[in-house]
Amino acid sequence: MDILVCIKRVPMVGGRISLTPDGRGVDTEMLGFTMSPHEECAVEAAVRLVERDGGSVTALTLGPPEATDQLRDAIAVGANAAILLKTDGREWGPTATAAAITAVAEQHQAQTGRPYDLLLFGNEAADTGDYQVAVRVAHLLGHPCATGIKQLEVDVHGVHARREYRGVTELFELPLPAVLSVKEGINLPRYPSLPGRMRAKKAQIDEVDPEWQGDGLKLDGLRVPISERRQAAILGHGVEAVPALVDLLERLGVLS
Amino acid sequence: MSQTTRDTTPDATAGGAQEGVAAARPSTSARAVIIGAGIVGNSLAYHLARLGWRDLVLVDKGPMPNPGGSTGHASNFIFPIDYSKMMLELTADSTAQYKELGVHIESGGIEVARTKEREEEFRRRLSVAKAWGIEAEIISPRAVAELVPYLDPDVILSGLHFPTCGVVDSLRAGTIMRERAQGLGALEVRANTEVLGIETGASGHRHVRRVRTTSGDIETGIVVICCGVWSPRIATMAGAHIPLTPIVHQMISVGPIPLFAGTVGEIGYPIVRDVDTNMYERQHGGDIEVGSYAHRPIIVHPDQIPSNEEASLSPTEMPFTKEDFDPQLAQALELMPELLGDERVGIRYAINGLISITPDGHPVLGESPEVGGLWSAAASWIKEGPGIGRAVAEWMNGDKPEIDIHEADIDRFYPFQTTDRHVVSRASESFNKMYGIVHPAEQWADEREIRLSPMHQATRDRGAVFFQTAGWERPSWYESNSLLLDRYGARVMPREAEWESRWWSPIINAEHLAMRDGCGLVDLSAFAVLDVTGPRALDSLQNLAVAQLDVADGRVVYTSFLDELGGFVADLTVMRLSGDHFRVVTGGAGGMTDRQWIVDHLPADGSAQLADLTSAWTTIGLWGPNARRTLAATTPDDVSHEAFPFGTCANIEIAGVVGLASRISYVGELGWEIYVPFEQGARVWAALYDAGQAYGLVPVGIGVYGTTGRLEKGYRAFGNELTADYNLVEAGMTRPSVKAQEFIGKRAYLLQRDQPATATLCSFVVDDHTASDGRKRYMLGGEPIVSATGERIVDKKGRPSYVTSAGSAPSLGQHILLGYLPSELAVVGNRLSVEYMSERFPVTVAVAGSTPLFDPDNVRVRS
């Protein structure tokens with residue numbers, strides 16, 4: 001089974017986000033970068049399927065040259081190949097991104113005579129959160145699609161996918177080839193091993209230069225929402241604090 | 001039971017919201033405010049409380065117990081070894097404190113060698129360990145692998161095993177110390193409180209008055225900055241400097257390691273330092289931690305460190321830059337192939353951890369010379385933290401710290417050394433030497449030519465090889481004097497081994513002999529020249545100096561300054577130029593500390609003043625049997641012995657320049673130090689140089705002035721023989737009488753004179769230099785002096801004997817060593833040995849006391 005996993009390089013934010021002075025971007029000077037958390041799960045899901053059934057995992061990203069870091073991260077945890085759709089750093093909207101990815105998938109089919117069996121996405125990018133690319137790619141390729149997937153199985157019949165939505169469990173049966181977007185929680189992604197990191201360091205990254213297409217999306221500016229005040233309460237010290245602690249745990253429903 | 005609500009956002013706590021642990025209301029005044037709750041701040045708070053201090057406030061912008069500084073991500077292991085005696089003693093004290101706190105696990109530690117050069121370094125290290133009584137042993141690769149079964153013995157040549165090496169829980173240690181201080185009712189802890197400013201009084205010398213924080217202002221006369229990587233930023237708030245920079249130290253944690261599944265506690269295997277790759281590997285619970293000092297120096301300015309709110313992990317755990325670490329992965333994998341090559345174990349944690357690094361690698365301790373009441377306790381590793389906390393607390397308490405920490409004194413920095421440029425340059429250059437094989441005389445490559453003497457071009461033209469001191473480029477020897485090598489042949493005592501030949505040249509010894517035969521001209525511009533003037537100039541200096549300074553005008557006095565306990569603070573000369581005008585001259589290395597010591601003891605009413613004239617006067621040394629003839633050829637003044645006796649100074653005219661000549665000597669020859677206006681220095685140098693050609697004059701470097709000439713005369717050097725640990729009696733520097741006037745340390749000195757000395761400074765000759773490989777080896781200093789059969793020698797005060805200075809004595813054809821011995825062993829002819837490169841070399845006590853080996857009657861100096 002050949003799987004294409006699409007990932008995106010995003011700033012690694014853990015605390016309060018700072019904006020650039022012009023208010024049009026996240027100040028990343030002191031930030032690291034990562035792939036979106038949902039996509040880490042997508043990579044893990046792909047690697048597990050291939051480890052079990054054989055095949056290949058190709059990681060793809062559309063982004064600046066630095067996004068090869070994230071492709072190498074995917075290789076370090078088991079992806080076999082990587083494709084960089086190189087941009088000049090401008091943000092591509094979902095329509096254009098989907099078109100560029102579709103072109104890669106079509107070219108793959110033209111060259112190998114076979115389509116990717118499965119295209120995996122994260123449910124949404126951690127930075128722009130458009131929720132669209134997977135659906136658009138599926139539409140362009142004419143593949144079936146399911147989003148927000150938290151459980152995934154593939155067998156001879158195709159894909160069995162499951163998602164939870166407002167207390168309802170939805171089960172999807174999709175024939176291959178298919179497009180899925182997955183959510184955190186579908187698995188616990190592995191950490192890269194040292195040999196994995198070393199393989200990734202040496203791995204070849206295929207580069208494609210897609211042509212910039214205006215996307216109709218315009219960024220006016222960013223605003224950091226006022227975060228809720230985090231409250232910390234000291235319940236007491238030593239054994240004297242026990243009743244208050246028990247009381248709190250009961251209120252939280254931890255103890256019943 | 002109280003219930004206190006606190007906000008974790010700083011703006012919410014502004015305006016005095018309730019804050020801290022069970023404190024009903026934050027204090028608005030304190031005896032001292034300690035900023036920073038890392039290992040140093042916590043330790044300092046505890047030790048101050050232990051010494052009886054109350055009303056202490058400990059402030060940190062982060063949460064407890066891990067406010068987000070370097071302590072929080074430290075690797076927490078402690079190797080007991082260091083080439084610096086101060087650091088080694090601070091480490092030993094800290095280890096004892098961690099043990100007392102119950103947070104120390106003795107895991108053992110092994111440094112492994114991949115190269116022959118490193119194996120020699122191990123032998124050198126082993127000797128240092130022996131000097132200080134540290135358990136250590138060189139072991140085979142197989143023995144290493146028995147202790148560390150996951151290490152591939154084929155990759156290494158040998159290991160240096162320290163069984164007493166251990167790991168500590170520094171956060172827990174900090175918490176316990178904080179709680180102890182609170183238990184004594186001495187300490188209020190304010191977490192999540194950011195310091196917004198430090199206000200100082202404006203009248204006269206600035207002094208701290210108030211700390212402004214997000215939880216209100218605190219009136220105080222004492223502020224201690226224990227802020228690690230943030231220290232420069234906090235010091236700036238008070239208008240002061242703490243020269244250090246945050247620098248990245250990369251670390252990854254790999255796991256879960258199946259082998260470690262059974263380990264009870266944090267660590268079951270020794271820590272490994274793979275020193276030739278600048279890395280370490282240590283077990284941490286189920287993981288193995290791999291740390292590196294091999295990557296490019298990554299400097300982060302204190303202002304660039306993210307806040308606690310912005311940081312994704314903690315402020316000092318910055319995003320890992322993989323590409324910098326990649327080369328280390330292969331090396332780690334090579335050393336521990338099975339453990340780290342396991343595809344099932346992953347890199348679970350990886351950071352660019354921030355640590356502090358200073359221009360000279362030492363901490364920055366003490367009261368700021370710029371702002372009164374502002375103390376620094378910054379740039380400490382975990383291994384020194386508790387020791388530094390204790391030492392600084394003792395110092396703040398007005399006591400002499402039990403451990404001599406003068407090398408870490410914040411006073412030591414010249415202004416240029418506090419600039420960002422300098423700090424960053426030194427940090428960048430030293431970072432990769434963290435586990436390096438660093439020669440004791442090794443020179444910096446960058447930030448050279450900071451201070452140049454007026455003779456610089458002239459000395460450069462003679463092929464001067466420059467060594468840097470206090471920013472000054474000082475000629476160490478002159479390549480143009482290589483012609484002298486033939487003249488003196490074997491008398492220049494050439495060295496076979498590369499290590500002792502590094503940063504050294506036999507030309508030094510040739511210059512020495514030429515000076516003793518004719519005369520030598522020395523560029524001494526690095527001297528610090530400090531004029532003290534005013535109606536109370538005499539009183540002020542009398543109060544510091546052991547020697548009598550109420551002498552006739554034109555007298556030159558060599559004296560020590562002591563601390564209250566009679567330890568050495570400084571060693572210098574004082575010239576009485578006129579009644580109320582004294583010129584103090586001291587070495588460049590200690591110039592700033594000596595200056596500050598004097599300034600700190602000047603009368604508050606301004607009746608004595610210090611002017612630093614270092615940049616106004618340059619100093620030229622002229623010594624040798626022909627020094628008088630040379631000088632006479634350039635001056636119309638009478639420089640005969642009768643007109644210009646030893647120990648006097650006078651203005652004379654040289655080549656039309658009026659300068660101050662001072663007839664003293666540090667090399668044991670007739671001659672003068674000549675002080676001339678800086679801009680006329682080159683002229684006087686040239687005149688003396690030209691005049692001296694008829695008398696065998698050669699330019700002579702600091703190699704002669706600082707080592708060979710000095711050692712033949714048994715002259716002591718500050719920092720080597722003269723330290724706070726020893727006294728005048730032990731150093732053999734007592735004079736027949738003690739002056740009537742009071743001076744600091746007098747009471748202690750009088751007691752010392754009345755009692756038999758515990759130790760005596762001796763000169764030794766090496767009886768046989770031949771090592772087991774047949775090569776002749778020459779000690780460089782720091783080696784243990786042991787009995788003929790190799791037992792350590794320790795005096796009754798617990799001070800081990802070691803070589804304080806070592807160098808050639810070309811006039812004697814000997815390699816001379818200085819060092820203290822327990823007085824009962826300080827007997828001329830006593831045969832002992834010195835351990836160097838882990839081999840024993842026989843030595844004999846040649847002098848017990850201060851009698852020079854060369855010209856013992858000082859005929860030359862007084863001729």
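**Notes on the two-chain model**

1. P65(B) sits in the loop that runs between β3 (56-59) and β4 (77-78) of chain B. Start there, since the bond leading into this proline deserves a look: the peptide bond from M64(B) to P65(B) is cis, with omega near 0°. Keep in mind throughout that this is a predicted model.

2. Chain A has a cis bond to look at as well. The peptide bond from L176(A) to P177(A) is cis, and omega there is near -10°. P177(A) belongs to the loop between β10 (168-174) and β11 (178-182) of chain A.

3. While you have chain A on screen, here is the overall picture. Its secondary structure comes to six helices and 13 strands, and its C-alpha trace spans about 70 × 50 × 40 Å along the principal axes. Of the 256 residues in chain A, 39% are buried. If you take the contacts in chain A with a separation of 6 or more, 70% of them come from residues 24 or more positions apart.

4. Chain B is split into domain 1 (10-70 + 170-244 + 360-418), domain 2 (102-166 + 246-355) and domain 3 (758-863). The centres of domain 2 and domain 3 of chain B, taken over C-alpha atoms, are 38 Å apart. Even so, there are contacts: 10 residues of domain 2 of chain B meet 10 residues of domain 3 of chain B. On the domain 2 side, the residues touching domain 3 of chain B are four nonpolar, two polar and four charged.

5. Which residues have the most contacts inside the largest nonpolar core? That core has 263 residues, and the ones to click on are I35(B), A45(B), L56(B), V223(B), V224(B) and I225(B). I35(B) makes a good starting point: beyond its neighbours within four places in sequence, I35(B) is in contact with V59(B), V195(B), V223(B), V224(B), I225(B), C226(B), C227(B) and I234(B). There is also a second, separate core of 58 residues, which includes I7(A), L118(A), L119(A) and A178(A). As background, nonpolar side chains tend to be buried together in soluble globular proteins.

6. Next, T245(B), which lies in strand β15 (residues 245-255) of chain B. Is T245(B) buried or exposed? T245(B) counts as buried because it has 25 C-beta neighbours inside 10 Å, and the cut-off for buried is 20 or more. Leaving out neighbours within four places in sequence, the contacts of T245(B) are I299(B), I357(B), V423(B), V424(B) and A427(B). W230(B) is 15 residues away from T245(B) along the chain, and their C-alpha atoms are separated by 8.6 Å.

7. Two alanines in chain B have backbone angles worth checking by eye. Phi of A379(B) is near 65°, a positive value in a residue other than glycine. A379(B) is in the loop between β22 (374-378) and α10 (385-396) of chain B, and it counts as buried because 26 C-beta neighbours lie inside 10 Å. A470(B), not a glycine either, has a positive phi of about 50°. A470(B) falls in the loop between β23 (464-469) and β24 (472-478) of chain B. With 22 C-beta neighbours inside 10 Å, A470(B) therefore counts as buried.

8. How do helix α15 (residues 506-517) and helix α20 (residues 702-712) of chain B pack? Their axes are 9 Å apart and meet at an angle of about 75°, so α15(B) and α20(B) are roughly perpendicular to each other. From α15(B), the contact uses I508(B), N509(B), E511(B), H512(B) and M515(B), while α20(B) brings G703(B), V704(B), T708(B) and G709(B). By class, that makes three nonpolar, five polar and one charged residues in the contact of α15(B) with α20(B).

9. Last stop, N626(B), in the loop between β31 (617-623) and α18 (627-632) of chain B. Why does N626(B) count as buried? Because 23 C-beta neighbours lie inside 10 Å of N626(B), against a cut-off of 20 or more. Apart from neighbours within four places in sequence, N626(B) is in contact with G518(B), C519(B), Y695(B), G696(B) and L697(B). A552(B), 74 residues from N626(B) along the chain, is separated from N626(B) by 28 Å between C-alpha atoms.

Terms used
Residues numbered from 1 in each chain as written. Chains lettered and ligands numbered in written order. Predicted model: local features only at pLDDT ≥ 70, side-chain atom pairs only at ≥ 80, totals over all residues. Helix = DSSP H or I, 4+ residues; strand = E, 2+ residues; numbered from the N terminus. Buried ≥ 20, exposed ≤ 12 C-beta atoms within 10 Å, placed from the backbone. Contact = placed C-beta atoms within 7 Å. Axes fitted to C-alpha atoms, helices over the stretch in contact; angles between N-to-C directions. Parallel < 35°, antiparallel > 145°, perpendicular 65-115°, else oblique. Nonpolar A, V, L, I, M, F, W, Y, C, P; charged D, E, K, R; others polar. Core = buried A, V, L, I, M, F, W, Y, C linked by C-beta atoms within 7 Å. Domains from an automatic or database assignment.
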